[in-house]
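Student: I'm new to this one and I'd like a close look at a single part. Could you walk me through the place where the two chains meet, and then show me what sits behind it?

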Number of protein chains: 2
Amino acid sequence: MKKAVVLLSGGLDSTTCMSVAYKAGYELYPLSFDYGQRHQRELDAAKAVAQYYKVKEHRIIKIDSVGGSALTDSAIQVPDYAEDGEIPVTYVPARNILFLSYALGYGEVIGAEAIFIGISSVDYSGYPDCRPEFLQAFQKVVDVGTKAGVSGQTIAIKAPLMYLSKAETIQLAVENDAPLHSTTSCYRGGEKACGTCDSCALRLKGFAEAGIKDPISYKEMD
Amino acid sequence: MKKAVVLLSGGLDSTTCMSVAYKAGYELYPLSFDYGQRHQRELDAAKAVAQYYKVKEHRIIKIDSVGGSALTDSAIQVPDYAEDGEIPVTYVPARNILFLSYALGYGEVIGAEAIFIGISSVDYSGYPDCRPEFLQAFQKVVDVGTKAGVSGQTIAIKAPLMYLSKAETIQLAVENDAPLHSTTSCYRGGEKACGTCDSCALRLKGFAEAGIKDPISYKEMD
């Protein structure tokens, strides 16, 4: 059975990726990171999603944060959503590069054929490492810089959500019976999602556009 | 003062890189990894080299190993040197990719202009991630996938040893007064270097060709 490493944060996008890889017939090897997030809620969601798919192994790798981001550094406030074209303070330096590097090492060890990552260039937050140019560049690194790559059996980096809007991602997840009720997206990580940070705002807009009710709870907004 | 992150293992090559970056006028930010090496000797050497250059900060990042290599997995024996063109079992999956990713995140946080890595395509052990193609591919990832890259002030990945033989590296190190007496290269990590593993064999051959005496001690060989 062909194997895939799936980068699983416990959010909407990575959970949809799990459903896509599952449908494509891969044996799933989800990989999550404990990187000094402000809350454990994300990892709990990732575990719930991994259980839903009855995976053989769910690796959680602890990584030292290098700081400099609102998502990892508690001295920086998470801002509300702003459509200003700037790279926001929630940008974590080299995060996807780091995550993909770990996935690659793990993928080489288990003999994976693919790595799934839930990045999208459509409804994204302005992060440079969510664009097709980035994905192509990273694939080249795999092709020339790994044992798998140079031996002609490269590991394919797959980003099935790259050209989907958030609404389309949600539709795909529902079609694939992805466990959206177990996911979390909020950057603030309270008991209930805040509904106002970048990530909540994009999620809520997506559900509204898809005409689907979000199965998770939000803080009541006054 | 311009800043550089230097990947510092405590070996000959990375220590030579420190000397090159120092001579080029960079403020040095060495970065080392505790990644389940078989021995602490490497990290002790890295610390000694960092002290020699009186650096402001020497970060040591602990990383979970993903296994599958003789250098990190104690169930696999470190073999003697063999010139057979195969990728050896000492290959650590995606190691340089992972190290560069951390250096990149750190470099973005401190505002570095460069990252130095001591890879060489001349006297290397057959690792795909030591070749110019790999370096170029990774530079492209930086250029398109990071905040620094897309804002036009990319971080340059520098590999000053890329086209140097081990003998030339040693000559360069001596010219630059690099602290070679503090370095360690042995994969087996005993109290004294074994003199027979890949890494020791390349080092000894390099010193012999350079006509310079290696300042470190080796096990007496019967």
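Tutor: The contact draws on 37 residues from chain B and 37 residues from chain A. Keep in mind that this is a predicted model. How much area gets buried between chain B and chain A? It comes to about 3,000 Å², with carbon and sulfur atoms giving 70% of that. As for charges pairing up, the count between chain B and chain A is 0 salt bridges. There are polar contacts, though: 4 residue pairs across the interface of chain B and chain A, both partners at pLDDT 80 or more.

Now pick the chain B side and see which pieces do the touching. The elements that each give two or more residues to it are β3, α3 (95-110), α4 (132-145) and α5 (147-150) of chain B. Of these, α3(B) supplies the largest share, with 9 residues. Sort that side of chain B by class and you get 21 nonpolar, 7 polar and 9 charged residues.

Let's follow β3 of chain B away from the contact. It belongs to an open sheet of 5 strands, in the order β3-β2-β1-β4-β5 (chain B), with parallel pairing. Both β3 (59-62) and β5 (156-158) of chain B are edge strands, so called because each pairs on one side only. Go from one strand of this sheet to its neighbour and the turn is 25 degrees on average, ignoring direction. Further in, β1 (residues 3-7) and β4 (residues 114-116) of chain B run parallel and are joined by 3 bridges. You can spot B:Ala4 there, standing opposite B:Ala114 in β4(B). Packed on the sheet is helix α1 (residues 12-23) of chain B, which touches β1, β2 (27-34) and β4 of chain B. The direction of α1(B) makes about 170 degrees with that of β1(B).

Over in chain A, 5 strands also form an open sheet, ordered β3-β2-β1-β4-β5 (chain A) and paired in parallel. Its edge strands are β3 (59-62) and β5 (156-158) of chain A. Neighbouring strands of the chain A sheet are turned by 25 degrees on average, direction ignored. For a helix to look at here, try α3 (residues 95-110) of chain A: it packs on the sheet and touches β1, β2 (27-34), β3, β4 and β5 of chain A. Its direction makes about 160 degrees with that of β1(A). Inside that sheet, 3 bridges link β1 (residues 3-7) of chain A to β4 (residues 114-116) of chain A, and A:Ala4 stands opposite A:Ala114.

Definitions and conventions. Residues are numbered from 1 along each chain as its sequence is written. Chains are lettered from A and ligands numbered from 1 in the order in which they are written. This is a predicted model: local features need pLDDT of at least 70, side-chain atom pairs count only at pLDDT 80 or more; totals for chains, interfaces and linings use all residues. Side-chain values use heavy atoms; hydrogens and water are left out. Two strands pair if DSSP finds at least two bridges between them. Helices (H or I, at least four residues) and strands (E, at least two) are DSSP runs, numbered from the N terminus. Axes are lines fitted to C-alpha atoms, for helices over the stretch in contact, and angles run from 0 to 180 degrees between N-to-C directions. Contact means heavy atoms within 4.5 Å. Buried area is the accessible area (1.4 Å probe) that two parts lose on being put together, summed over both. A salt bridge is a side-chain nitrogen of Lys or Arg within 4 Å of a carboxyl oxygen of Asp or Glu. A polar contact is a pair of N or O atoms within 3.5 Å; within protein, one must be able to donate a hydrogen and the other to accept it, and residues adjacent in sequence count only if both atoms are side-chain atoms. Ala, Val, Leu, Ile, Met, Phe, Trp, Tyr, Cys and Pro count as nonpolar, Asp, Glu, Lys and Arg as charged, and the others, Gly among them, as polar.
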